[in-house]
Amino acid sequence: MKCNNCGTENLDGARFCVKCGTTFDNAVAPVAPQPESMSAATPQYSAPMSQPQMASTYSAPAQPQTTPAYSAPAQPQTTPAYSAPAQPQTTPAYGASAQPQTTPAYSAPAQPQTTPVYSAPAQTPSYGAASYATQPQQDANTYSAASPYDTTSAYGAPSAPYGTADATSQYGASATPAYGNGYDTTPGYGGMPYGAPAPARICGNCKSTIPDGAFQCQVCGAPATLAVSPQKKKSPVGMIVGIIGGVLAVVIAVVVGLSVYRSSQYEKGMTALENASYSEAYEIFDKLGSYEEAEKLAAYSNAQALLESGKYADAQAAFEKLGSFRDSADMAAYCANFALYDEANGYFNNGEFYKAWLIFSDLSGFEDSYDRAEACVQTPPTKIIEQNPSYVSENAGTGAVNNSTKTYYFEYYDGDVLALSFVVAPLSTTKLLGIKPGLYTIKVYTGPFWFGDADKFGDMSTPVHTESIEIPEYDVYAWEIS
């Protein structure tokens, strides 16, 4: 149908013009113009209603013209728009040629025509240089009214069999069907290049298809700006598979990346452990969690750090929890020995040599325990260890002569009161010691080692000799030891 307002051709049944939007209540179907001198024998045709008419109407010149679009052919009739021949024409828009002509818009005449299509014209300013083959026209049935091809001069006649490239076309593509196969070759419907698929659009109001280039829907009149592109519904199975595949790819990437990171951190922790950087190693392994042996290595590093800081009891407990992991059992024993060693050092520093000696002796072979035990043994001089001032006298005295290689220690008691104590070194004699006359209980001790004035011989529970003696006034009681 042809719009009375703008002259645009529209599809049959359209309610609105695709270009100006005018309703078709006032539209009329276009009627093909008839020449006055049409032969009675020539069938009369009207323009097809199913496709837009692309042909321009030209006046018949007196003789062949070299218009901007065409050149005068050497052979009879090369364009549908030239001078009228003596015989009547069958085309509504062109002049008569020497014999009946067929155009793309009309049905076939009584017999096929072999009129040459076009000769090579000069370069046209409007549509570019055209190179038309001078081959015989195909059977007129090929160019019936329902034919979807446009061979008019306004839009460029095809220069080769249909479907091939047309170098002279305004749009640079081959002549292809206008409707029914998804291609749009008319400027009125979007001006898409010949042969290119026109993108379909769906009316947002009535869901009808809107041709590309239309300003509004031909069915309901809704503006084309409301049109939407049809979306191909995706298969939910494909979407689910895609999502699962994406998730798996992310998970794999994370797992691989995490594995590489943990591996590098694990090696870093091992290096710190080998370098005795126990605190650093503990922090690294603790963050790795359950990776490899990170948990046990973290506990092991922590135990080593406790041992290094002198917290032997805590370190021992930590190693004992690890059981047979690495050298934990040996380290637990080492921590126990180190705890004792540290305790013995405390006694030694306080002058409690006997207690220190006992521990160092038990730790013989651990660290320098043997040497530390020997350091606990003293070589005493002959001297008074303790003397009660209440029992000092200048009229009486006591002493001892030690002819042995042992050290002896003497204690004088008045009841439970210690009146006098002294030590006699091996092979030595004591000086005269003044003591108040009276009855005293004498206790004599000896031993292999002397551990100082406080501990004496260490175990002082049993004296080697006990005797009660009377110290007379103005006399000296001396002991002789051989």
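**Exercise 1. Determine whether Tyr-266 is buried or exposed, and characterise its pairing with Phe-285.**

Step 1. Tyr-266 has a relative accessibility of 13% and therefore counts as buried; the class covers values under 20% relative accessible area, exposed means over 50%, and partly exposed lies in between, with a 1.4 Å probe and protein chains only. The model is predicted: local features require pLDDT of at least 70 and side-chain atom pairs pLDDT 80 or more, whereas totals for chains, interfaces and linings use all residues. Residues are numbered from 1 along each chain as its sequence is written, and side-chain values use heavy atoms, with hydrogens and water left out.

Step 2. Phe-285, with a relative accessible area of 1%, is buried.

Step 3. The structure holds 26 aromatic pairs. Rings of Phe, Tyr and Trp (its six-membered ring) pair if their centres lie within 6.5 Å; planes under 30 degrees apart are stacked, over 60 edge-to-face, and the rest tilted. The ring centres of Tyr-266 and Phe-285 are 5.8 Å apart and the planes stand at 70°, so this pair is edge-to-face.

Step 4. The pair links distant parts of the chain, since Tyr-266 belongs to helix H1 (residues 236-274) and Phe-285 to helix H2 (residues 278-288), 19 residues apart. Helices (H or I, at least four residues) and strands (E, at least two) are DSSP runs numbered from the N terminus.

**Exercise 2. State which geometry the aromatic pair of Trp-357 and Phe-449 has, and where its members lie.**

Step 1. The centres are 5.7 Å apart with 50° between the planes, and the pair is tilted.

Step 2. Trp-357 lies in helix H6 (residues 353-362), while Phe-449 is in the loop between strand S9 (438-447) and strand S10 (465-471); the pair thus links distant parts of the chain, 92 residues apart.

Step 3. Trp-357 is partly exposed at 21% relative accessibility, and Phe-449 is partly exposed at 33%.

**Exercise 3. Identify the aromatic cluster that contains Tyr-391, and the lysines placed over Tyr-391 and Tyr-413.**

Step 1. One aromatic cluster is formed by Tyr-391, Phe-410, Tyr-412, Phe-422, Tyr-440, Tyr-477 and Trp-479.

Step 2. Over the face of Tyr-391 lies Lys-436, 5.9 Å from the ring centre. A charge sits over a ring if NZ of Lys or CZ of Arg is within 6 Å of the ring centre and within 35 degrees of the ring normal.

Step 3. The ring of Tyr-413 has the charged end of Lys-443 above it, at 5.0 Å from the centre.

**Exercise 4. List the salt bridges and place their residues.**

Step 1. A search of the whole structure yields 2 salt bridges, each a side-chain nitrogen of Lys or Arg within 4 Å of a carboxyl oxygen of Asp or Glu.

Step 2. Glu-352 and Lys-355 are joined at 3.2 Å, N to O. Glu-352 is partly exposed at 24% relative accessibility, and Lys-355 is partly exposed at 38%.

Step 3. Asp-453 and Lys-383 form a salt bridge with their closest N and O atoms 3.1 Å apart. This pair links distant parts of the chain: Asp-453 is in the loop between S9 and S10, and Lys-383 is in strand S3 (residues 383-387), 70 residues apart.

Step 4. Asp-453 is partly exposed, with 36% relative accessible area; Lys-383 is also partly exposed, with 32%.

**Exercise 5. Establish how many disulfides are present and describe Cys-3.**

Step 1. With a disulfide taken as a pair of cysteine sulfur atoms within 2.5 Å, the count is 0 disulfides.

Step 2. Cys-3 is in no disulfide; its nearest cysteine sulfur belongs to Cys-20 and is 3.6 Å away.

Step 3. Cys-3 is buried at 3% relative accessibility, and Cys-376 is buried at 0%.

**Exercise 6. Locate Ala-276 and Glu-292 and give the sign of phi for each.**

Step 1. Most residues other than glycine have a negative phi.

Step 2. Ala-276 has a positive phi, near 65°. Ala-276 lies in the loop between H1 and H2 and is partly exposed at 33% relative accessibility.

Step 3. Glu-292 also has a positive phi, near 50°. Glu-292 is in the loop between H2 and helix H3 (294-308) and counts as exposed at 57% relative accessibility.
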